[in-house]
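Trainee: Could you take the core of this one and go through it closely with me? I'd also like to hear how it sits within the whole chain.

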Amino acid sequence: MFDKLAGIEARYTELSRLLSDPEVLNGDYSKVTEYAQERSKIESVVEAYHQYQRVKDELDGARAMIEFEPNVELREMAQEEATSLETQLTTLESELTTILLPKDPRDDKNVIVEIRAG
């Protein structure tokens, strides 16, 4: 899962670079539109992945503080923070798993629903 997320993040970075490149902007506008649409589709995934990475880094810091901090009160505070961050991390993992599920190609299409009296 994380390899796929890293690949999506790399593509997002590449698209951002392409959209800021003057040659691309002065060239074919259909390509610019295509890049912008693709970037906007994966932006929420990249933001969720960055949030996951931030929480994971904070959790690593809290665990290091628990292990090496001589002050008992600070260790207890770090333990409480680590517990909170662990629940946050599991929530983010499930969200990322849900986000990475394949989309139905019919999701973007319109539908007409008729409601009749029964």
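**The core and its surroundings**

Mentor: Let's start with charge: the 14 positive and 26 negative charges of the protein have mean positions 9 Å apart. Positive here covers Lys and Arg, negative covers Asp and Glu, and His and the chain ends are left uncounted; each charge is placed at NZ of Lys, CZ of Arg, CG of Asp or CD of Glu. Keep in mind that this is a predicted model, where local features need pLDDT of at least 70 and side-chain atom pairs need pLDDT 80 or more, while totals for chains, interfaces and linings use all residues. Residue numbers run from 1 along each chain as its sequence is written, and side-chain values use heavy atoms, with hydrogens and water left out.

Now the frame around the core. There are four helices and zero strands, in the order α-α-α-α along the sequence. With a radius of gyration of 22 Å, well over the 13 Å that the globule rule gives for 118 residues, the protein is more spread out than a compact globule. That radius is taken over C-alpha atoms, and the rule is 2.2 Å times the number of residues to the power 0.38. Helices and strands are DSSP runs numbered from the N terminus (H or I, at least four residues, for helices; E, at least two, for strands). Along the principal axes, the C-alpha atoms fill a box of roughly 60 × 60 × 20 Å.

How much of the chain is buried? Of the 118 residues, 21% are, where buried means under 20% relative accessible area, exposed over 50% and partly exposed in between (1.4 Å probe, protein chains only).

On to the core itself. The largest nonpolar core has 24 residues, and Leu5, Ile8 and Tyr35 have the most contacts inside it. Helix H1 (2-20), helix H3 (29-68) and helix H4 (72-99) are the elements that give two or more residues to this core, and H3 brings the largest share, 11 residues. By nonpolar core I mean a set of buried Ala, Val, Leu, Ile, Met, Phe, Trp, Tyr and Cys residues joined through side-chain atoms within 4.5 Å.

Zoom in on Leu5: leaving out neighbours within four places in sequence, Leu5 contacts Val45, Tyr49, Leu96 and Leu100. A contact, by the way, is heavy atoms within 4.5 Å. Chain-wide, 67% of contacts between residues at least 6 apart in sequence join residues at least 24 apart.

Leu18, in helix H1, is buried too, at 12% relative accessible area. Not counting residues up to four places away, Leu18 touches Val24 and Tyr35. Its C-alpha is 9.5 Å from that of Ala36, 18 residues apart in sequence.

For contrast, try two residues of helix H3. Lys41 belongs to that helix and counts as exposed at 63% relative accessibility; its C-alpha is 37 Å from that of Gln79, 38 residues apart along the chain. Ala64, also in helix H3, counts as partly exposed at 33%. From Ala64 to Asp28, 36 residues apart along the chain, the C-alpha separation is 51 Å.
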